[in-house]
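Q: I have this chain open on my screen and would like a close look at one part of it. Could you walk me through the helix and what it rests on?

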Amino acid sequence: MSRICQITGKGPMVGNNVSHANNKTKRRFLPNLRTVRISLEDGTTRKIRVAASTLRTLRKQNS
């Protein structure tokens with residue numbers, strides 16, 4: 001499974017681990033994905049992978 005938010009499309013970013021000696025090695029910043037159940041218009045439920053920041057935004061807009 002790909003590590004991509006199914007609503008916003010947010011995915012992994014690339015950066016560097018930097019040591020105290022300033023050595024740089026590549027690393028990945030992965031999004032904080034959560035599995036959430038949503039109910040569709042036809043009454044069925046489905047699981048989608050959503051970033052935690054997206055969930056906060058959706059809850060803020062709905063309240």
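A: Happy to. One cut-off first: a residue is called exposed when its relative accessible area is over 50%, and buried when that value is under 20%. Please keep in mind that this is a predicted model.

Let's place the helix in the chain. There are 1 helix and 4 strands, and from the N terminus on they follow the order β-β-β-β-α. The radius of gyration is 16 Å, well over the 11 Å that the globule rule gives for 63 residues, so the chain is more spread out than a compact globule. Along the principal axes, the C-alpha atoms fill a box of roughly 55 × 30 × 15 Å. Buried residues make up 16% of the 63 residues in the chain.

Now to the helix itself. Helix α1 covers residues 52–62, and Ala52, Thr54 and Leu55 are buried in it. These three cover an arc of only 155° around the axis, which puts them on the same side of α1. Turn to the other side of α1 and you will find Arg56, Lys60 and Gln61, which are exposed by the cut-off above.

What do the buried residues of α1 pack against? Their partners are two strands, β3 (33–39) and β4 (45–51). These strands pair with each other in the antiparallel sense, over 7 bridges. If you would like a spot to orient yourself, find Thr35, which stands opposite Arg49 in β4. Together β3 and β4 form a hairpin with 5 residues between them. In the turn, Gly43 has a positive phi of about 95°.

The helix also has a share in the largest nonpolar core. That core has 6 residues, namely Cys5, Leu33, Ile48, Val50, Ala51 and Leu55. Its largest share, 3 residues, comes from β4. Leu55 is the residue to click on here, being both a buried residue of α1 and a member of this core.

Ile48, another member of the core, is worth a look of its own. Leaving aside its neighbours within four places in sequence, Ile48 is in contact with Gln6, Ile7, Arg34, Thr35, Val36 and Ile38. Among these is Thr35, the residue that stands opposite Arg49.

To put the picture together: α1 has buried residues on one side and exposed ones on the other, and the buried residues pack against β3 and β4.

Conventions
Residues are numbered from 1 along each chain as its sequence is written. This is a predicted model: local features need pLDDT of at least 70, side-chain atom pairs count only at pLDDT 80 or more; totals for chains, interfaces and linings use all residues. Side-chain values use heavy atoms; hydrogens and water are left out. Buried means under 20% relative accessible area, exposed over 50%, partly exposed in between (1.4 Å probe, protein chains only). The arc is that of the directions from the helix axis to the C-beta atoms. Contact means heavy atoms within 4.5 Å. A nonpolar core is a set of buried Ala, Val, Leu, Ile, Met, Phe, Trp, Tyr and Cys residues joined through side-chain atoms within 4.5 Å. Two strands pair if DSSP finds at least two bridges between them. The radius of gyration is taken over C-alpha atoms; the globule rule is 2.2 Å times the number of residues to the power 0.38.
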